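Hello,

Here is the structure we talked about. Please open it and read the notes below alongside it.

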Amino acid sequence: MLVRLRIFLFSQDKERAKVMKFFRADFKMSEDSVSHTGQAPPAAFFFTFVLLVSGFLFWGNSTLAGIARSPEIDFLPKIWLISVGISEYQNFPVLKTPAGDAKQFAAAFSSLGDRSSVSSSVVLVDQAATREAILRAYWTALNNMQEGDLLIFYFSGHSTRDGQNRQPQLAPYDAGGDSLQSLRRMINVFEDLVAPTPATSQIIIVADGCYFGASSLGPRPSDHPNVSLLSSTKDDEVTYDTSSFTRTISSVISNETADLDGDLRLSLEELYILAYPDLVSGLIGHPTLVGSAAHRQYLAKAKQTEITRQSPTKPSEPLRVDLATDFKNSGAVVLNGRKLSSEEFREEANSLVFLSNNDNSIRNGFNLLQIGAETYQLWRSKRALRAFKEPYKDSYAVLVAIDDYDRRDDKLHRKATGFPQLSEMVSQSDALANVLARLGFPQDHIIKLYNSDADSNKIEEVLKSFWEGGSRSQADRLFFYFGGHGDKVRNQSRLITYDYDADRPLLTTFDSEELIAKHSRNIAAKHVLFALDACFSGLTLLSKPDAPQGDNDEDELARLAIIERNITDTARGIMVAGTGDQKALWQNGGIFTQKLIAGLSGSGDTNKDGLIEFEEVGMYVRETVTIASRLKGIRQDPDFRSLDNAGSGRFMFFKDGEGG
């Protein structure tokens with residue numbers, strides 16, 4: 001039997017005083033609970049009445065009930081906007097887009113009109129964005145905000161992590177230099193902005209730079225419940241100067257239909273969700289959203305839109321790839337370093353079908369597949385897989401490193417070279433060799449010329465063995481590294497080799513410019529890369545900077561076509577530890593070498609597609625060395641270039657493990 005109770009109650013909420021609510025409780029009672037007269041027992045009525053009244057009274061006091069009242073649907077906070085973008089630095093390398101990005105972000109809000117309530121807008125670009133000016137603008141806004149107001153702090157420019165806590169630091173215009181005072185001009189996002197902010201203040205930090213991940217909010221983000229972060233990267237990622245992050249989020253903010261939950265407002269969380277697909281479509285970076293208040297920090301009003309819900313999709317078809325392989329007696333199937341069980345794949349003619357329900361093991365972008373002795377590169381774009389054979393069949397590396405410039409272990413008992421003794425250049429070179437071995441360079445193809453073996457004649461002899469007709473002319477990829485001193489001799493950039501003689505400097509050093517003028521032209525290998533960690537290694541023959549190839553919005557299979565072209569065409573590239581007459585920093589084997597090893601170990605795969613491209617590792621090394629050297633009080637600006645007239649290809653490193 002269905003019994004209906006109708007009870008009239010009055011709200012206890014002062015904001016809704018004397019507003020009558022009509023409660024209707026429908027409940028079924030078994031025949032045993034109904035009296036023979038057809039009426040419900042008085043006890044049942046009383047019990048139901050007590051429940052409804054108690055619940056209503058608790059609703060009137062949401063604190064007691066543990067239920068928060070929804071905010072007014074029209075509520076929007078007053079916004080205090082600070083937009084900082086630095087393209088031209090006092091001490092750091094010039095960037096292309098940050099100043100324009102800061103203006104674009106501020107313009108997105110100014111164009112909203114009555115869709116938003118911007119109480120104050122401060123834009124600081126280039127020379128105006130000093131440490132003092134940034135912090136003054138931040139604290140001035142905080143001191144003038146009223147309860148319920150929202151501060152949005154935007155930054156685009158150079159950034160790094162501090163050496164102790166690994167927390168993100170942004171670089172103001174006047175950061176860097178060569179004194180302790182200038183090093184303190186870095187702004188630690190957590191210590192200088194988040195930690196001192198009152199717990200009740202509503203703050204959004206929007207960061208377009210490197211390493212702005214969850215660590216920006218400190219070790220316990222829950223201690224700052226009203227501070228949120230939206231950034232272009234994770235804690236371990238760098239970003240390109242050409243990132244579309246700011247352009248994309250500004251577009252979403254300007255979109256008057258940007259509303260996912262139907263409350264007619266754009267929240268920070270909705271901004272992140274709407275922007276994310278466009279920001280990762282080019283495989284450049286992975287945006288971060290941190291903050292427990294992000295879903296209720298509102299940026300703008302939105303129009304009423306129809307919210308549609310998609311019906312559950314059918315299970316996806318298994319991923320398959322066509323291979324020119326006869327699977328008979330083919331041996332083990334290994335994907336990204338992991339041997340697959342027989343339940344995870346099946347063979348169909350010349351195709352391989354992956355049966356695992358979790359196809360995340362096949363990442364977007366590059367994957368390495370080994371079937372017996374055959375090796376394939378797989379490129380995944382959503383539900384599509386394409387294969388191409390291992391492009392490098394015969395890879396070599398020549399590693400030259402010198403610590404013993406005092407010639408203490410010289411078998412010929414020559415006097416010291418006069419250049420300072422170094423440390424860990426040889427051990428770092430060994431670490432580099434181990435990384436290269438994981439990137440497709442066989443151990444017996446890694447030639448090491450250390451200390452007494454690193455004389456100018458031996459280096460010349462080894463390089464000539466890769467010339468057309470030489471004993472190693474069959475090599476199709478050559479990586480050359482030098483770690484040691486460099487100097488200017490008769491205005492020439494010379495690498496100081498172990499046989500250096502001050503009385504015969506031109507005959508006992510190696511002319512670094514000959515790497516370009518002579519060896520790069522005569523080496524038969526299709527792809528050659530020179531990496532020089534030495535003082536005065538900034539080569540005057542370097543021309544225009546290399547930029548990341550492609551566009552963030554391009555189709556991933558189109559990227560594969562570019563990659564295949566880069567592999568097929570001839571490539572000559574060079575990376576140098578410093579430009580002009582800058583002195584490289586010799587700490588623990590050289591910062592340049594440290595960052596090169598880190599980049600080739602995976603950090604340089606900035607788009608996480610499993611393929612480390614020349615521009616990626618070059619940009620990673622340049623950015624990280626520049627910041628690290630400034631923090632040590634030294635100016636060192638590495639650079640990288642593709643050599644003119646050498647072809648349109650690019651040197652590649654294919655990761656063989658599970659990373660990425």
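A charge sits over a ring if NZ of Lys or CZ of Arg is within 6 Å of the ring centre and within 35 degrees of the ring normal. Arg265 does this: its charged end sits over the ring of Tyr298, 3.8 Å from the centre. Arg161 does so over Tyr211, at 4.1 Å from the ring centre. Please note that this is a predicted model.

Now the sheet. It is open and has six strands, in the order S23-S22-S24-S28-S29-S31, with mixed pairing. Strand S23 (446–450) and strand S31 (639–642) are the edges, each pairing on one side only. On average, neighbouring strands are turned by 10° against each other, direction ignored. S22 (residues 395–401) runs parallel to S23, with five bridges between them. Val398 stands opposite Ile447 in S23. Helix H10 (residues 456–464) packs on the sheet and touches S22, S23 and S24. Helix H13 (residues 591–603) also packs on the sheet, touching S24, S28 and S29.

Next, the aromatics. There are 17 aromatic pairs in the structure. Phe105 and Tyr154 are stacked, because their ring centres are 4.6 Å apart and their planes are at 15°. Phe105 is in helix H3 and Tyr154 in strand S5, 49 residues apart. Phe105 is buried at 2% relative accessible area. Tyr154 is buried too, at 0%.

Tyr392 and Phe654 make an edge-to-face pair, with centres 6.3 Å apart and planes at 65°. This pair ties together parts that are 262 residues apart in sequence. Both residues are buried. They belong to one aromatic cluster with Phe441, Phe479, Phe651 and Phe653.

Best wishes

Note on methods: Residues are numbered from 1 along each chain as its sequence is written. This is a predicted model: local features need pLDDT of at least 70, side-chain atom pairs count only at pLDDT 80 or more; totals for chains, interfaces and linings use all residues. Side-chain values use heavy atoms; hydrogens and water are left out. Two strands pair if DSSP finds at least two bridges between them. Helices (H or I, at least four residues) and strands (E, at least two) are DSSP runs, numbered from the N terminus. Axes are lines fitted to C-alpha atoms, for helices over the stretch in contact, and angles run from 0 to 180 degrees between N-to-C directions. Contact means heavy atoms within 4.5 Å. Rings of Phe, Tyr and Trp (its six-membered ring) pair if their centres lie within 6.5 Å; planes under 30 degrees apart count as stacked, over 60 as edge-to-face and the rest as tilted. Buried means under 20% relative accessible area, exposed over 50%, partly exposed in between (1.4 Å probe, protein chains only).
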